[in-house]
There are 2 protein chains.
Amino acid sequence: MSSPFHPDYNPLIRKLESVFTLTDDERQALETLPMQVAVLKDHQDIVREGDQPSRACLILSGFACVYKMTAHGKRQIVSFTIAGDIPDLQSLHLKVLDNSVSTISPCRVGFIPHEALHDICLRYPRIGAAFWRETLIDAAIFREWVMNVGQREGVSRMAHVLCELVVRLRAVDLVEDHVCDLPITQVEFADALGFTPVHVNRVLQQMRADGLIETQGTRLRIPDWDKLKQVGEFDPTYLHLVREDVAA
Amino acid sequence: MSSPFHPDYNPLIRKLESVFTLTDDERQALETLPMQVAVLKDHQDIVREGDQPSRACLILSGFACVYKMTAHGKRQIVSFTIAGDIPDLQSLHLKVLDNSVSTISPCRVGFIPHEALHDICLRYPRIGAAFWRETLIDAAIFREWVMNVGQREGVSRMAHVLCELVVRLRAVDLVEDHVCDLPITQVEFADALGFTPVHVNRVLQQMRADGLIETQGTRLRIPDWDKLKQVGEFDPTYLHLVREDVAA
DNA sequence: CGATGAATTGACATTCTTCAAACTGTGTGG
DNA sequence: CCACACAGTTTGAAGAATGTCAATTCATCG
């Protein structure tokens, strides 16, 4: 039950374990959390703004994103979510969703009833605190994105999200040798950065020319991590990682 | 203890009471929370990025803001905070602060030890849930700001933050007759919107010309609330207000 | 092989920034 | 009561970043 390659492997448990050591009871409670697993295609909404869900969705594998729509139909992606994230955990305490969640790549998703989550939070306060903590880190990411979109331009803005993605992927062992699979389209980056797809394209070309990134298909390689970090002014503090090595 | 004009009036208790009815015990626990009150001048940091505070700050009166600094020294305000807000409540579960909090106007601030907050959360789970909920609303505000800064331009972007401010001020009875005191400088709006102060100035002139706002000194009047809401594409759902009338 | 989604290009328009200066209001000290 | 200082606001002109539109190319896949 602990290998990332085991089909029942639960990235949520692994994430919590990286924060503190679970007792047998706590681990048991997490492993027996009722969870309905679904496999979704890419570009499918998981939940929508306005929904009043009775369960939360845990991303088991694949890429998803949290987004909002402008009244004029423009989309803003406010964060990317990967394995181990629960992008709508907020719904536990806020009745109506103020954002949508959608897959980017095909995803395996686990739906966990609110009731079960409330229950485990009351019974195991450390787990409750850990969930709260997760939502606080989400908030920290949003704050960082406000700064990124508000203050950085072009190459720097793009470099910053790439840094964030790489560090978070590294934390779940999805980066090998400065290479990772990033099935995110230029249009999606545009929606995340507040740019036009055309502009994203040009920024990426610039970054390739500067030796900041190399791409082939959905594969991304970072030839010089320190340089990318510097260009993106990336300081991983806001991710509140416990294993600091993944951000080095 | 319940009048906003009583010196011991605690806007936090009032805020929680708007969400659910406190039991006598809960109310008692909140009223006896240890809190060290300080009076701060305007434009003073309350806590700084990198701090590892052992207490949280409750804004009792005045305007403050949460902000982050770019490596190049540019400031991004990621939210304004007013009476009843605890802008660094996150520090309860995240050891090191990834943002600063500073006053905008002179403020009365109450510092509450983390220990006392942890304690009350454990002893009164409904209060714990309410605090969690508050941090989730903060996150919702950050998300909305990402969208605002990323997708809206000029007048629309400014209109949106003004709408948010007015609604939140109305929720704590700081708006009368479509008029409120808004001691926020154009430079500060610039840092909040990702604009230049010069541009903010021009946007405000445009808005005055369009009849969207009227100003004299720090006093703001909204002649046509519906028009402002429409221009700012403002939908208050993300504020998760219980009293919906304040947003109408 | 054609179809589809994604990436790329070019020319041009717009929004926003930059810089540097002038103006306004308000409070303070002489 | 004037003069001055200070903080905030306003102005103008020129430039840079980004957006818009409309094609075109590329890659993958049934």
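In this predicted model, a phosphate oxygen of DNA strand D sits 3.2 Å from a polar backbone atom of Gly194(A). Chain A makes another backbone approach through Thr196(A), where a polar backbone atom is 3.0 Å from a phosphate oxygen of DNA strand D. Chain B joins in with a side chain: a polar atom there, in Gln186(B), lies 2.7 Å from a phosphate oxygen of DNA strand D. As for the elements that give two or more residues to the surface near DNA strand D, they are helix H7 (197–209) of chain A and helix H7 (197–209) of chain B.

Which helix gives the largest share of the surface near DNA strand D? That's H7(B), with five residues. Altogether, 16 residues surround DNA strand D, and the closest are Thr185(B), Gln186(B), Asn201(B), Arg202(B) and Gln205(B). Sort the surface near DNA strand D by class and you get three nonpolar, nine polar and four charged residues. On the DNA side, take the atoms of strand D within 4 Å of the protein: 71% belong to sugar or phosphate, and the rest to bases.

Now for DNA strand C. There are 16 residues around this strand, and Thr185(A), Gln186(A), Asn201(A), Arg202(A) and Gln205(A) come nearest. H7 of chain A and H7 of chain B each supply at least two residues of the surface near DNA strand C, with H7(A) giving the largest share, five residues. That surface divides into three nonpolar, nine polar and four charged residues. Of the atoms of DNA strand C within 4 Å of the protein, 66% are part of sugar or phosphate, while the rest belong to bases.

Here are some distances to phosphate oxygens of DNA strand C:

| Residue | Part of the residue | Distance to a phosphate oxygen of DNA strand C |
|---|---|---|
| Gln186(A) | side-chain N or O atom | 2.7 Å |
| Asn201(A) | polar side-chain atom | 2.6 Å |
| Gly194(B) | backbone N or O atom | 3.3 Å |

For a bit of context on chain A, UniProt (in an unreviewed entry) places the feature "domain: HTH crp-type" at residues 152–226. That span is 55% helix and 15% strand, and its end C-alpha atoms lie 18 Å apart.

The two protein chains also meet each other. Their contact takes 47 residues from chain B and 47 residues from chain A. About 4,100 Å² is buried between them, with carbon and sulfur atoms giving 67% of that area. In chain B, the residues that lose the most area to chain A are Trp132(B), Arg143(B) and Gln151(B), together 20% of what that side buries.

What about polar links between the chains? Across the interface of chain B and chain A there are 18 residue pairs in polar contact and four salt bridges. Lys68(A), for instance, forms a salt bridge with Glu144(B), and their closest N and O atoms are 2.5 Å apart. Strands E4 (64–69) and E5 (75–81) and helices H3 (114–123) and H4 (125–151) of chain B each supply at least two residues of the side that touches chain A. H4(B) gives the most, with 20 residues. By class, this side of chain B has 24 nonpolar, 13 polar and ten charged residues.

Zoom out to the whole structure, and the search finds 36 salt bridges over all chains. One of them pairs Glu17(A) with Arg27(A), the closest N and O atoms being 2.2 Å apart. Glu17(A) belongs to helix H1 (residues 11–19) and Arg27(A) to helix H2 (residues 24–31), both of chain A, and the two residues are ten residues apart.

Terms used
Residues numbered from 1 in each chain as written. Chains lettered and ligands numbered in written order. Predicted model: local features only at pLDDT ≥ 70, side-chain atom pairs only at ≥ 80, totals over all residues. Heavy atoms only, no water. UniProt positions renumbered as here; feature names shortened; annotations may be inferred. Helix = DSSP H or I, 4+ residues; strand = E, 2+ residues; numbered from the N terminus. Near = heavy atom within 4 Å. Polar contact = N/O pair within 3.5 Å; in protein donor to acceptor, adjacent residues only side chain to side chain. Nonpolar A, V, L, I, M, F, W, Y, C, P; charged D, E, K, R; others polar. Contact = heavy atoms within 4.5 Å. Buried area = accessible area lost by both parts, 1.4 Å probe. Salt bridge = Lys/Arg side-chain N within 4 Å of Asp/Glu carboxyl O.
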